Amino acid sequence: MNPAVWVERHGRARPDDPALADGERVHATWATFAVRTAAAAAGLRDDLGLVPGDRVAIVMRNRPEYLEALFAIWHAGLVAVPVNARLHRDEIAYILGHSGSAVALTDADHADDVELLVDSVESLRAAVVAPGERWDRLTASAPTPLVERQAQDPAWLFYTSGTTGRPKGATLTNRNLLMASLSYFADIDPVSAQDSIVHAAPISHGSGLYGLPHIARGAVSVVPHSGGVDGDEIAALLQRWKGVSFFAAPTMIKRLTGDPSITAADLANLKTIIYGGAPMYLADLEAALGVFGPRLAQIYGQGETPMTITALSKADHADVDHPNWQERLQSVGTARTDVEVRVVDDEDNELPAGEVGEVVVRGEVVMPGYWNEPEASAEALRGGWLHTGDVGSFDAGGYLTLRDRSKDLIIRGGMNIYPREVEEALLRHPGVGAVAVVGRPDPEWGEAVVAFVVASGAAAPDADDLDRTCLESIARYKRPKAYRFVDSLPTNNYGKVVKRDLREQLRNEPEHG
Ligand code: AMP
């Protein structure tokens with residue numbers, strides 16, 4: 001089925017209710033959203049000559065037109081290529097070329113860059129700026145009926161964030177998107193037409209995917225005017241909209257937890273905060289639960305299985321009397337309803353609970369492969385299971401705890417050290433605001449542990465003191481050999497710490513200290 005059917009349906013059934021909002025202001029009712037979608041679809045076909053299956057890139061910051069563009073693409077039977085708009089122009093060019101995008105829908109902020117690409121990216125025939133004159137023309141076309149699509153047809157090429165190597169486009173089919181949406185209802189939250197989703201994170205990524213079950217149910221999609229996460233603005237939106245959910249990376253949750261406008265805000269309209277995409281540290285989660293109460297749900301997923309591998313439910317977060325509550329808070333929860341999840345060894349043999357191996361996933365939500373990357377697809381999907389590259393273990397109750405990605409593992413003198421446990425230990429020190437632990441080549445031990453620390457206050461904590469904190473909870477050999485005190489950690493566009501940059505920085509230091 002074609003997800004654009006949802007917009008069409010609500011356009012008929014609830015024409016005057018708000019569908020899209022620009023901050024506190026209604027941008028479109030369902031009737032308007034449905035008409036603009038069907039009209040722009042006709043324009044994409046007639047004005048731009050696109051035929052079902054053609055790829056159309058969206059290079060826009062979050063704005064209501066983003067969702068109009070996305071659903072117009074689907075309405076016309078086209079394949080959307082949502083591109084992270086904060087990428088460098090060369091990276092955008094790569095994705096447009098690799099996906100063979102014929103048209104790019106963009107906004108004023110990116111128009112100059114994207115228009116230049118029409119000359120250099122072979123497949124790209126046109127750039128359309130929304131809002132803008134040509135977009136207005138497209139959305140004023142005579143509406144066209146919805147184009148029928150099959151479950152296995154591609155709908156969204158999801159380019160991975162690429163903390164290593166070139167990004168690859170996970171081909172997400174209509175079936176994958178439908179399963180991800182249904183499994184949201186099964187494992188995260190039911191959604192009603194009285195609810196809303198605030199797109200505080202990029203629509204090109206998790207927030208857009210979590211937006212789908214909301215559109216399916218007729219909830220309002222609210223795009224913050226700032227285009228991002230701002231405490232004052234979120235507080236104001238919580239007064240304006242009801243049943244609010246939003247998706248945020250752990251770094252954003254941490255920022256909001258410490259934001260005075262959030263701590264002072266009335267949270268009655270806040271329904272659920274879904275966090276994931278990177279590790280959430282226990283100390284930060286406990287602080288967030290203190291501010292937000294039992295409204296937090298964690299998801300673990302990746303673009304290849306659109307944000308659907310495991311979840312730690314709101315009920316799990318609230319179950320404070322459970323003897324394993326704290327361990328569970330450090331886990332990523334249990335397998336989602338629509339997938340099988342296993343932990344396997346190097347030969348893909350399933351490992352029992354308690355043993356650490358690679359996490360593999362199978363189910364209807366898993367992509368059929370990467371776009372035009374047969375070798376990488378075969379490798380990732382060998383034996384019919386998606387190999388996530390993540391390392392973890394199940395406990396007896398089925399809760400999965402992730403270690404680090406295999407490339408981040410530090411091997412010191414033959415002993416495995418998971419940076420995460422060192423990071424968790426250091427975060428217990430009140431003087432540590434944020435921390436990232438990486439390995440550095442070491443002539444004696446093979447690798448040495450180095451911690452990059454961002455102080456929580458004005459002064460950097462004392463290294464001996466940090467050592468003492470580590471020794472309270474982890475083995476002596478895991479303790480950092482060196483500390484680097486920094487103002488901030490390098491993060492990518494999704495707020496994930498890029499450890500590669502830290503390793504690089506250490507390699508470029510004149511002498512090991
Ligand atoms: P992406 O496809 O860009 O969203 O990246 C997916 C990767 O982010 C996963 O393979 C994990 O390494 C990491 N990730 C996602 N969710 C979580 C989570 N809840 N906790 C820790 N890491 C996560």
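## Packing of helices α1 and α3

Axis angles from 65 to 115 degrees count as roughly perpendicular. In this predicted model, the axes of helix α1 (residues 4-13) and helix α3 (residues 64-75) cross at roughly 105°. The two helices, α1 and α3, are therefore roughly perpendicular to each other. Their axes come within 8 Å. Both values are given here because two packed helices are described by the angle between their axes and the distance between the axes.

On the α1 side, the contact is made by Ala4, Val7 and Glu8; on the α3 side, Phe71, Trp74 and His75 take part. Sorted by class, the contact of α1 with α3 has four nonpolar residues, one polar residue and one charged residue.

## Surroundings of the ligand

How many residues surround the ligand? The shell consists of 18 residues, and the closest are Ile299, Gln302, Gly303, Asp390 and Lys496. Strand β13 (residues 296-302) supplies the largest share of this shell, with five residues. In terms of class, the shell has seven nonpolar, eight polar and three charged residues.

## Polar contacts and coverage of the ligand

Backbone atoms approach the nitrogen atoms of the ligand at two residues described here. At Gly277, a backbone N or O atom lies 2.9 Å from a ligand nitrogen atom. At Ile299, which is also among the closest residues of the shell, the distance from a backbone N or O atom to a nitrogen atom of the ligand is 2.8 Å.

Asp390, likewise listed among the closest residues, takes part through its side chain: an N or O atom there is 2.6 Å from an oxygen atom of the ligand. On its own, the ligand has 490 Å² of accessible area, of which the protein covers 92%.

## Backbone geometry in two loops

Most residues other than glycine have a negative phi, and most peptide bonds are trans. Two places in the model depart from these patterns, one in the peptide bond and one in phi.

The peptide bond that joins Ala130 and Pro131 is cis, with omega at about -10°. Pro131 belongs to the loop between β6 (126-129) and α6 (133-139).

Asp348, a residue other than glycine, has a positive phi, near 65°. Asp348 is placed in the loop between β16 (339-344) and β17 (357-363).

Technical notes
Residues numbered from 1 in each chain as written. Predicted model: local features only at pLDDT ≥ 70, side-chain atom pairs only at ≥ 80, totals over all residues. Heavy atoms only, no water. Near = heavy atom within 4 Å. Polar contact = N/O pair within 3.5 Å; in protein donor to acceptor, adjacent residues only side chain to side chain. Areas by Shrake-Rupley, 256 points an atom, 1.4 Å probe, with all protein chains shown as cover. Helix = DSSP H or I, 4+ residues; strand = E, 2+ residues; numbered from the N terminus. Nonpolar A, V, L, I, M, F, W, Y, C, P; charged D, E, K, R; others polar. Axes fitted to C-alpha atoms, helices over the stretch in contact; angles between N-to-C directions. Parallel < 35°, antiparallel > 145°, perpendicular 65-115°, else oblique. Contact = heavy atoms within 4.5 Å.
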